[in-house]
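Please open the model in your viewer and keep the selection tool at hand, since this tour goes from one selection to the next. At each stop, select what is named, and then compare what you see with the description.

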Amino acid sequence: MDVRERSRWISSGGSFISSSGSGAGGMKSTRDDSSGARGLWRWKSSRGGFHALKMAARMRLMLGIFLVAIFGALFLVHRRSSASSVTKQEAGFPGMLEGEVFQCDRSQFRTDVCNMQGDIHMNSSNRSFMLYAVDGRTPLREEKIKPYTRKWEKSCMEGVHEVILQSVPSSSLASAAVCDVQHTVPGVVFSTGGYTGNLYHEFHDGLIPLFITTQHLNREVVLVISEFHEWWLSKYGDIIQGMSNYPPVNFEEDPHVHCFQEVTVGLHIHAELGIDPLRMPDHKSIVDFRNFLSRAYTLSPEELGQQSLQVPEVSAVAAVSDGSKVSDTEEKKQLTILVRNGTRVLLNLDEIVDLAEQLGFNVTLLSPDPTTELRTIFWILDKSDVLLGVHGAALTHFLFMRPGSVFIQIIPLGTDWAAYTYYGEPATKLGLQYLPYKIEPAESSLSDKYNSTDPILTNPSTIVDKGWWTMKAVYLEGQDVRPSIVHMRQLFDNAKQLLEKRTRLL
């Protein structure tokens, strides 16, 4: 599939560099200038002294003229680049800027980030932030930015609203609206548009970048949300309260004039469900994000007194009866299976559960729906030793697992790259022990539809290369799985061995 189609499925970003040799364009120069140099400086002994001095004087003159021209050009380039550097400068983290600032970093593949610092007024009616510049060096201009972290995906970004940033002379302040709310902490502006509604994207595109951008502020930040959704805030309220001491601002609907001393529009983002410690102001990692989730979902004393934890609905969570024959003295490990409905279904789920119980696991079936509280899911997975599920957005819940636990991803045909990139590699960086199970053609329901020599079964990459919609129809929406019980036994045995090794190391 071409780059544009592949972008619908592949959300990794970055620069693509091709190295194919040395020299410009990767071509190796074959010119040998040594003979010319020897010819220039060859002279006969009878005339060499005079001609050498004359030639040297000419060369010095030419070199001087050349250097003057070069340095003059560099000076002009520097002056021009200084005037435009505000749009190329690397974006800073909120709370770490100095002086009056208006700069935008548009160099990143995934996101644009703009910083403003000074006397800033927010006006929801025209979706703008206005900087009243005092420093004469601050450029007076307008920038537009869509504060969502998939700028490379045009179809997604078409539904994300622009935020307008303007800088005007401080003399214009006399005609500005009076501040209704004066904030003394930085504001951070982001969108919950785009692919919000999909669990993977809610964490990858939103919550993890929000943590990256704000965690060093220790909750002293005001979150300004564009494309605000009440359901989103209800779903992630615990996380948002853990990031900010202040109620979030609905950018489109808030009628008040909010004034800030500093605003960052757009979020920093690093990798698929990941954090690069080298790019963090305090070297935090994805493990720190997981620890943050743990704190956000910890019950307060008041909640404990009210016994607010209720037994989950059967439709969301089902505890499976224990049919194990292991000895009573052997500690049973907790296995949670994410149950899919509709597509990529585990067709032999009952057999897998029976097998797991025989091997000594306590099994919980987890089938989250939109009404299932994330806090409930977090508590279940925080106490689990093993998480098992078929490739899909629900596997984002691996972020709730404790480092050292085991993560088993069942990988349907045609999803190898996505399975590793979106979940396998990020889970490993979190410290989980990752066990992939790659479905064989005979274990896929596609084998019931196509003969054994069909490329859909024998060479999925050729189908994937036909484009996103073909791949989606065949492998994501048209396939269920039936893992071999023999292979599943081996997988569970491997998981138990990993857990035993972890116990010995503790």
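When the bonded cysteines are counted along the protein chain of this predicted model, the disulfides follow the pattern 1-2, 3-4. The structure holds two disulfides, and the tour visits each of them in turn. As a reminder of what to look for, a disulfide is a covalent bond between the sulfur atoms of two cysteines.

**First stop**

Select cysteine 104 and cysteine 114, which form a disulfide with their sulfur atoms 2.1 Å apart. The pair links distant parts of the chain, for cysteine 104 belongs to strand β1 (residues 101-105) and cysteine 114 to strand β2 (residues 113-123), and the two cysteines are ten residues apart. If you have a tool for torsions, apply it to the S-S bond of cysteine 104 and cysteine 114: the torsion is about 110°, so this disulfide is right-handed. When you then turn on a surface, keep in mind that both cysteine 104 and cysteine 114 are buried.

**Second stop**

Now select cysteine 179 and cysteine 259, whose sulfur atoms are 1.8 Å apart and which form a disulfide as well. Cysteine 179 sits in the loop between β5 (163-169) and β6 (181-182), while cysteine 259 is found in strand β10 (residues 258-265), so the pair ties together parts that are 80 residues apart in sequence. Here the torsion about the S-S bond is about -90°, and the disulfide is therefore left-handed.

Is cysteine 259 buried or exposed? Its relative accessibility is 1%, and because buried means under 20% relative accessible area, cysteine 259 counts as buried. Cysteine 179, by contrast, has a relative accessible area of 26% and is partly exposed.

**Third stop**

Next, select cysteine 156, which has a relative accessible area of 5% and is therefore buried.

**Last stop**

Finally, move to glutamate 272, which you will find in the loop between β10 and α8 (286-296). With a relative accessibility of 7%, glutamate 272 counts as buried. Which side chains does glutamate 272 join through polar contacts? Display the side chain of arginine 110, and you can trace a polar contact of 3.3 Å between it and the side chain of glutamate 272. Then add histidine 204, whose side chain is joined to that of glutamate 272 by a polar contact of 3.1 Å.

Technical notes:
Residues are numbered from 1 along each chain as its sequence is written. This is a predicted model: local features need pLDDT of at least 70, side-chain atom pairs count only at pLDDT 80 or more; totals for chains, interfaces and linings use all residues. Side-chain values use heavy atoms; hydrogens and water are left out. A disulfide is a pair of cysteine sulfur atoms within 2.5 Å. Helices (H or I, at least four residues) and strands (E, at least two) are DSSP runs, numbered from the N terminus. Buried means under 20% relative accessible area, exposed over 50%, partly exposed in between (1.4 Å probe, protein chains only). A polar contact is a pair of N or O atoms within 3.5 Å; within protein, one must be able to donate a hydrogen and the other to accept it, and residues adjacent in sequence count only if both atoms are side-chain atoms.
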